[in-house]
Structures are given as C-alpha cells and as structure tokens.
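This briefing sets out selected features of one protein structure, grouped by topic. Please read it alongside the sequence and the coordinates.

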Amino acid sequence: MVIWQREIMTFLGLFLAVCVIGFFTKLFVSLFFILTLFTLFRHLYQIHCFEKWLRTGRRNNYPKTTGVWEELYYQVYRIKKNNKRRKKQLSRIVQQFRESTEALPDAAVVLNFKDEIEWVNKAAGNVLGLNPSDKGQRIPNLIRFPKFIQYLKSNQYDDPVIFPSPVNENLILAVRIINYGVGLRLLLAQDVTQLKQMERMRKDFVANVSHELRTPLTVIKGYIETLQDVDEGDSILLTTSLQNMQGQTDRMQHLVDDLLLLAHLETKGKKHEIINIPGLLQKICDENSAALEPGRIQLTLDSNAFLLGDENELRSAFTNLLCNALKYSPEDTIVQINWYQTEKSLSLNVIDCGEGLTQNDIWRVTERFYRVEKKRTKKINGTGLGLAIVKHVLMRHDAQLVIRSELGKGSCFQCTFPIITDVTQ
Ligand code: ADP
C-alpha cells in the first residue's frame, strides 16, 4: 500500500473509532474535535522537527518517525546524500583541473566578460607577470601591448597574437583566447621563442644563400655571353650547349630573384606610399603588351582610386598575375584586367580563358614551389614562387587573394583591398 493511502486509512480508522465511541457515549462532537486537534498538532510538531532537521543540516541520519513523515525524511535524506556525493566528485574534478593547469608549461588565465581576471595558473606569473592577487583587475591594465589590446577587443580569436613577454623581453609569446561558458574566456600564452628563432634562421639562411648566389651567377652569365659572342656556329653541339646553359642560368637567376624578394617580404618593414593604381596597371600592361603579347591584354579601369602601400611590391604581384594569365592561356585568347570599387573594397580582377585549375590546385597554388601537374606545365617555364609572392604582398597590404577557376574554361584571380583612404584623383 502506498504510504499516503496508509495515512488516510489510519485517519479513517481513528474516525470510525470516534464514531463508534461517540455513538455509545453521546460525545461524538467532543471526540471528533479532540481527534482533529490531535491530528493537527501531530503534523505541526512534525513540521517543526522537519524544519529543525533541515536547518541544522545533520546529514548522516534522520529522526525516527512514522507514516508519511518517515517517507518525507527518507526522500530528502536521499537527495541530500546524493548532493553530498556529487559535491565531493565536483570538488575532486576542480582540484584535478587546478593541479593539471598548475602543471601546464603554458600560462592560463580565465577572464570574465569585463576583461577582469578570474583565475591564473602558476606559469602566468612566470611569463605574463600575473599573480592570484591580480584577481578582479582588468587585463588590459596589466598587459599593455597595443597589439594585445587590439586582439582582445577584436573578438576574432582564430589566430594567436605574438608579442614579447612583459616580464622578459627575450621571450616571445603566442597568445590565444578561447570563448567558453557564458561570457568567460580562457587566455593561453605559449612560449614560441625557439620556434621564432628557427624561423628567423631559416629566413636569414634563404636570404643569405640567395644573395651569395647572385655574384657567381652574374659571372657565369657573363662568360656564357662572351662564349656565345665568339662562337661562330661551327659546332652545333657547342652552340646548343651554350643556349642550354644560358636558359638554365636565366632560370636560376629568376629563382634567386624570387627567393630574395620573398625573404625581403618576410623580413622588411612595410611602406605606406600613395600609389596611383590605374597608372601602375597601365604601365604594367603596356610593358607586357609590347614585350610579350601585343593585343592580348584588355585593361578596364572603372575606378580611379589610389592605394596606400609599396609600389614595387604591388608591381611585382600584379605583374606575376598578368604573366601567369598570359602564360597559362592560349595565345589567341584575351586576358582581362579590371580595376573597380565596391562599397567596402577595391578590387583587381585578372581573368583569362586558359586551362584553369582544379579545386585542389586552387588550395595549393600559393604554396612555395607548387606547380600544377608536370604534364600540363612542362613546356612552361616558372619557379613556382610567383603566387607565393602575390599572397605575401597582398597580406602586407591587408588584402586578400580569391581564386575562381574552372578546368578548361579559365581562371579569375581577384585581389581585394580594404578601403582605408579617400585618396582619389
Ligand atoms: P610559376 O612560376 O610556376 O608560374 P606560380 O606560383 O606563379 O609559379 O604559379 C603556380 C602554379 O599555378 C603554376 O605552375 C601554374 O600551374 C598554376 N597557375 C598560375 N596561374 C595560373 C593561371 N592563370 N591559369 C592556370 N594555372 C595557373
């Protein structure tokens, strides 16, 4: 029988007894009144004991009682016991989490939505100079690098921000922020000094080797030209050998020039000169049209907007795109160059009706030395560095390269620049 039914049955039993005794003693009303008062006081007393038990918080046992009250005590006791177990589990998990984050070599800081510090681990003290006593302080007041403050405000945390450690300027940190929970953020700072040093060594090595190769190459080229001048064509073997040597030294010269340009793009500071883009495009088209493919280039200038940046770098990027379009499309097709402005950006489109690229090639063509499948490109000279240069130049101008292409139909290489100046002609 359910406990409630038992409670009602007991009450009905007592009520029946009152009725029978009341019938014989003619004291029904008084007896009924006494029964009601008894029931009421019993429950009031139980409520008092229950409230006292809840308040004093004794969790290990509950007072002995009967009926529905015993069941109530038992159920609440069970809930309390479960909660206690869960609380223990939770504090164990929190403790483990704390211990593991304390052991982390990377600095970890929890920030709330107001950029205030909620918690820091031990490594945060070593590399960021933040301590548990900084809890509640706003992090931009403690880490004052403009780069970091801009990153924090940007809400764009896909890539880390790199800056020197505030406590030791020889340490380079890569700081990343991860949103979690409601308005909480985890800031992780990793020491990337070694990585950066190796990267610098690699760049310096490539730049030095390329630079050192320049002089012997010029000398070899000079000798080949002298030999070609004195060659009277008596030996076909000698003439073709000299031609091959000249072709290979030219190729090597291009490679060295491209490597040096890439090294320069990776290491040198940015320039901010005003560039007349329509004029520059006109010049590039005229030079290439005259030198290589007369009548193949169609230039459309729908905007007379200028850009801020480095003219030499942009010249080299645009020339690479134009030369590729001419190289990788049939000689009887037109290459279109369009310079135009939209609401938010300035764009240059280089469109050709060439062999096109597959989706996989589109993802990879800006990698260094990547050249599309040898079968198709074997007759066309190139270093595989042109589009890597384009990508770097555009990155340095906060611009993007978007490639759209269809195999057998052609490609469109679009350079999109943000509008940051109203400098117009
Ligand atoms: P490369 O010196 O080989 O031209 P790039 O970096 O400029 O080096 O180009 C990489 C590869 O991308 C090229 O080898 C070529 O296969 C492909 N490519 C570049 N531009 C085009 C284009 N307009 N149409 C088709 N393929 C292209």
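A salt bridge is here a side-chain nitrogen of Lys or Arg within 4 Å of a carboxyl oxygen of Asp or Glu. The model is predicted. A search of the whole structure finds 15 such salt bridges. The points below take up several of these pairs, then one acidic residue without such a partner, two leucines and a surface patch.

**Salt bridges**

- Arg 42 and Glu 7 form a salt bridge in which the closest N and O atoms are 3.2 Å apart. This pair connects distant parts of the chain, since Arg 42 belongs to helix H2 (residues 28–56) and Glu 7 to helix H1, with their positions 35 residues apart in sequence.
- The two partners differ in exposure class: Glu 7 is buried, with a relative accessible area of 14%, whereas Arg 42 is partly exposed at 24%.
- Glu 311 and Arg 315 are joined by a salt bridge with an N to O distance of 3.8 Å. Both residues belong to helix H10 and are four residues apart, which is about one turn of the helix.
- In this helical pair, Glu 311 is partly exposed with a relative accessible area of 24%, and Arg 315 is likewise partly exposed at 23%.
- Arg 364 and Glu 367 meet through their side chains in a salt bridge of 3.0 Å, N to O. Arg 364 is partly exposed at 33% relative accessibility, and Glu 367 is partly exposed at 34%.
- A network of salt bridges links Asp 115, Arg 138 and Arg 185.

**Asp 310, a buried acid without a salt bridge**

- Asp 310 occupies the loop between strand E8 (307–309) and helix H10 (311–327).
- Why does Asp 310, although buried, have no salt bridge? The nearest side chain of opposite charge, Lys 271, is 4.2 Å away, and a salt bridge requires a distance within 4 Å, so the pair does not qualify.
- A polar atom of the Asp 310 side chain lies 3.3 Å from the backbone nitrogen of Glu 313.
- Setting aside residues up to four places away in sequence, Asp 310 touches Lys 271, Glu 273, Ile 275 and His 397.

**Two leucines**

- Leu 281 is part of helix H9 (residues 277–291). Is this residue buried or exposed? Leu 281 is buried, because its relative accessible area is 3% and the limit for burial is under 20%.
- Beyond residues up to four places away in sequence, Leu 281 touches Leu 299, Leu 301, Phe 318, Ile 337, Trp 339 and Leu 348.
- Leu 281 and Thr 300 are 19 residues apart in sequence, and their C-alpha atoms are 9.7 Å apart in space.
- Leu 255 is found in helix H8 (residues 236–267) and is partly exposed at 27% relative accessibility.
- Apart from neighbours within four places in sequence, Leu 255 is in contact with Phe 369, Thr 383 and Leu 385.
- Leu 255 and Arg 78 are 177 residues apart in sequence and 78 Å apart in space, C-alpha to C-alpha.

**Nonpolar surface patch**

- Val 2, Trp 4, Ile 8, Met 9, Phe 11 and Leu 12 make a nonpolar surface patch of about 610 Å².
- One member of this patch, Val 2, lies in the segment before helix H1 (3–25).

Definitions and conventions
Residues numbered from 1 in each chain as written. Predicted model: local features only at pLDDT ≥ 70, side-chain atom pairs only at ≥ 80, totals over all residues. Heavy atoms only, no water. Helix = DSSP H or I, 4+ residues; strand = E, 2+ residues; numbered from the N terminus. Buried < 20%, exposed > 50% of the residue type's maximum accessible area, 1.4 Å probe, protein only. Lys, Arg positive; Asp, Glu negative; His and termini not counted. Polar contact = N/O pair within 3.5 Å; in protein donor to acceptor, adjacent residues only side chain to side chain. Contact = heavy atoms within 4.5 Å. Patch = residues over 30% accessible without salt bridge, like charges linked within 9 Å, V, L, I, M, F, W, Y side chains within 5 Å. Areas by Shrake-Rupley, 256 points an atom, 1.4 Å probe, with all protein chains shown as cover.
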